[in-house]
Amino acid sequence: MGQPGYISIVHIINTQRQGLQERLMLLFPEDVLLLSVDSKRLNVKYEGRLARNGIKAVERTARPGRLEFELIGELLEPLQVSCTCLEDYQNWVFHLQQPDRRSHVTEGHPPPPLHPKLQGSRKPTQELITAADQNHINGRG
């Protein structure tokens, strides 16, 4: 899974269960991990894993003083997440609203070729075009 990018205690509400459930939420490059911790904070229990490319944080109009967002996804019942501090709320919303950068990178394909520099003598028309461009850049054109 790699190094966690962010960790915090959150409270989660889903429609199947009533009340808040305290969870330790960990952000990894490709997943969000949900863990529960016992009352003495000695034992940790796995509660679930969400693929980052399948979820998104949606800010809802929250009640004053509540730092809440909703986790939605195609294969996920919406989860309301309540953070304990503004920093956690801002970090989670920022990270979970970001597009998946890996989907924009084409792996295994070389970068596009660079145009080769012209070598040898220039033709007179190329010199005129280059001189006209330079005058335009310098404000003389």
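**Exercise 1.** Decide whether Q21 is buried or exposed, and place Q21 in its surroundings.

*Solution.* Step 1: Q21 has a relative accessibility of 16%, so Q21 counts as buried (buried means under 20% relative accessible area, exposed over 50%, partly exposed in between, with a 1.4 Å probe and protein chains only). The model is predicted: local features need pLDDT of at least 70, side-chain atom pairs count only at pLDDT 80 or more, and totals for chains, interfaces and linings use all residues. Residues are numbered from 1 along each chain as its sequence is written, and side-chain values use heavy atoms, with hydrogens and water left out.

Step 2: Q21 belongs to strand β2 (strands are DSSP runs of E, at least two residues; helices are runs of H or I, at least four; both are numbered from the N terminus).

Step 3: Apart from neighbours within four places in sequence, Q21 touches V10, H11 and I12 (contact means heavy atoms within 4.5 Å).

**Exercise 2.** Find the span of helix α1 and the side on which its buried residues lie.

*Solution.* Step 1: Helix α1 covers residues 86-97, 12 residues in total, and reaches 16 Å from first to last C-alpha. This is close to the expected 16 Å (1.5 Å times one less than the number of residues).

Step 2: In α1, the buried residues are D88, Y89, W92, V93 and L96. They lie on the same side of α1 because their arc around the axis is only 120° (taken from the directions from the helix axis to the C-beta atoms).

Step 3: Among the elements covering these residues are β1 (6-14), β2 (21-27) and β7 (76-83).

**Exercise 3.** Locate R41 and state its phi.

*Solution.* R41 sits in the loop between β3 and β4 (44-51). Its phi is positive, about 60°, although R41 is not a glycine.
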